[in-house]
Amino acid sequence: MSAERALPVYLQTFKQSENLGEEVLADQQQIVELDKRRQATREAIRAVRKDKESRKMWVMMGDEFVKVEKEMLKEWLENDQKVLDKEIGSVRDGLKDKVQALKRLEGEEIPSGFFLNAIKKNDLSNISSVGKVKERYLDDING
């Protein structure tokens, strides 16, 4: 009798892990696609910055070519880059939660450091400025 009751629970857990696994794979694929778009946008920004001669540039919008001001195009591309960065970040955050849930379902332990975040530019500059203050303080004490 207990084997009959355990079977549906086992199948339910298996189904949940399969669904989560598919969601993880879909999120990973979405990150790859968004990263390709981000890379193309970065290349476009670089091309716009590199062109010193033109005031207006041709850009393809949908299925048409349009000539727009270079500064406006650069602003559009930079805004697109920021949106893509945010989208990738949110998908990655959701991916971490899904991987954590999947590991729990599979009975695996979540490795330490799994939820570490990358250092951002502001954080890095804060760290370096703290180091400079510390060096000055030590110089004042020792010197």
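So, a patch here is a group of residues with over 30% relative accessible area and no salt bridge, and nonpolar side chains join the group when they lie within 5 Å. Keep that in mind, as we'll use it in a minute. One more thing before we start: what you're looking at is a predicted model.

Okay, the overall picture. The protein has 143 residues, and 17% of them count as buried. The secondary structure amounts to 3 helices and 2 strands. Walk along from the N terminus and you go through α-β-β-α-α. The accessible surface is about 11,800 Å², with 54% of that belonging to carbon and sulfur atoms. And if you take contacts between residues at least 6 apart in sequence, 53% of them join residues at least 24 apart.

Now back to patches. Which residues make the nonpolar surface patch? They're Tyr10, Leu11 and Phe14, and together they give a patch of about 340 Å². Take Phe14 as our example. Phe14 sits in helix α1, which covers residues 2-50. Its relative accessibility is 43%, so Phe14 counts as partly exposed. That fits the patch rule, because the rule asks for over 30%.

Let's stay on α1 and slide along to Arg38, which is also in that helix. Arg38 is partly exposed because its relative accessible area is 21%, and buried would mean under 20%. What does Arg38 touch, once we set aside neighbours within four places in sequence? The contacts are Gln81, Leu84, Asp85 and Ile88. Look at Asp85 in particular: Arg38 and Asp85 are 47 residues apart along the chain, yet their C-alpha atoms are separated by 7.5 Å.

Arg38 has a salt bridge too, and its partner is Asp35, at 2.5 Å from N to O. Why are these two about one helical turn apart? Because they're 3 residues apart in helix α1. In general, an α-helix has 3.6 residues a turn, so residues three or four places apart point the same way. As for Asp35, it has 32% relative accessibility, so Asp35 counts as partly exposed.

That's one salt bridge, and the full count comes to 8. Let me show you a couple of others. The side chains of Glu78 and Arg49 meet at 2.9 Å, N to O. This pair links distant parts of the chain, with Glu78 in helix α2, Arg49 in helix α1, and their positions 29 residues apart. Both ends are partly exposed: Glu78 has 26% relative accessibility, and Arg49 has 44%.

Then there's Arg55 with Glu69, a salt bridge at 3.6 Å, N to O. Arg55 is in the loop between α1 and β1 (56-61), while Glu69 is in strand β2 (residues 64-69), so the pair ties together parts that are 14 residues apart in sequence. The two ends come out on either side of a cut-off. Arg55 counts as exposed because its relative accessibility is 59%, whereas Glu69, at 30%, counts as partly exposed. There's also a network, where salt bridges that share partners join Glu23, Asp27 and Lys98.

Last stop, helix α2, residues 70-105. This helix has 36 residues and reaches 52 Å from its first C-alpha to its last, close to the 52 Å expected at 1.5 Å a residue. Which α2 residues are buried? Among them are Leu73, Leu77, Leu84, Ile88, Val91 and Leu95, and the list also includes Gln81 and Lys70. Two of the names there, Leu84 and Ile88, came up already as contacts of Arg38.

Let's pause on Lys70. It's a buried lysine, so what about a salt bridge? Lys70 has none, and the nearest side chain of opposite charge, Asp51, is 5.0 Å away. That doesn't qualify, because a salt bridge needs the nitrogen and the oxygen within 4 Å. Leaving aside neighbours within four places in sequence, Lys70 is in contact with Val48, Asp51, Lys52, Ser54, Arg55, Lys56 and Met57. Spot Arg55 in that list, the residue we just saw paired with Glu69.

And at the other end, just after α2, Gly107 takes a positive phi of about 80 degrees. That's my tour, so over to you for questions.

Note on methods: Residues are numbered from 1 along each chain as its sequence is written. This is a predicted model: local features need pLDDT of at least 70, side-chain atom pairs count only at pLDDT 80 or more; totals for chains, interfaces and linings use all residues. Side-chain values use heavy atoms; hydrogens and water are left out. Patches are made of residues with over 30% relative accessible area and no salt bridge: like charges are joined within 9 Å, nonpolar side chains (Val, Leu, Ile, Met, Phe, Trp, Tyr) within 5 Å. Accessible areas come from the Shrake-Rupley method with a 1.4 Å probe; for residues, only the protein chains shown count as cover. Helices (H or I, at least four residues) and strands (E, at least two) are DSSP runs, numbered from the N terminus. Buried means under 20% relative accessible area, exposed over 50%, partly exposed in between (1.4 Å probe, protein chains only). Lys and Arg count as positive and Asp and Glu as negative; His and the chain ends are not counted. Contact means heavy atoms within 4.5 Å. The expected span of a helix is 1.5 Å times one less than its number of residues.
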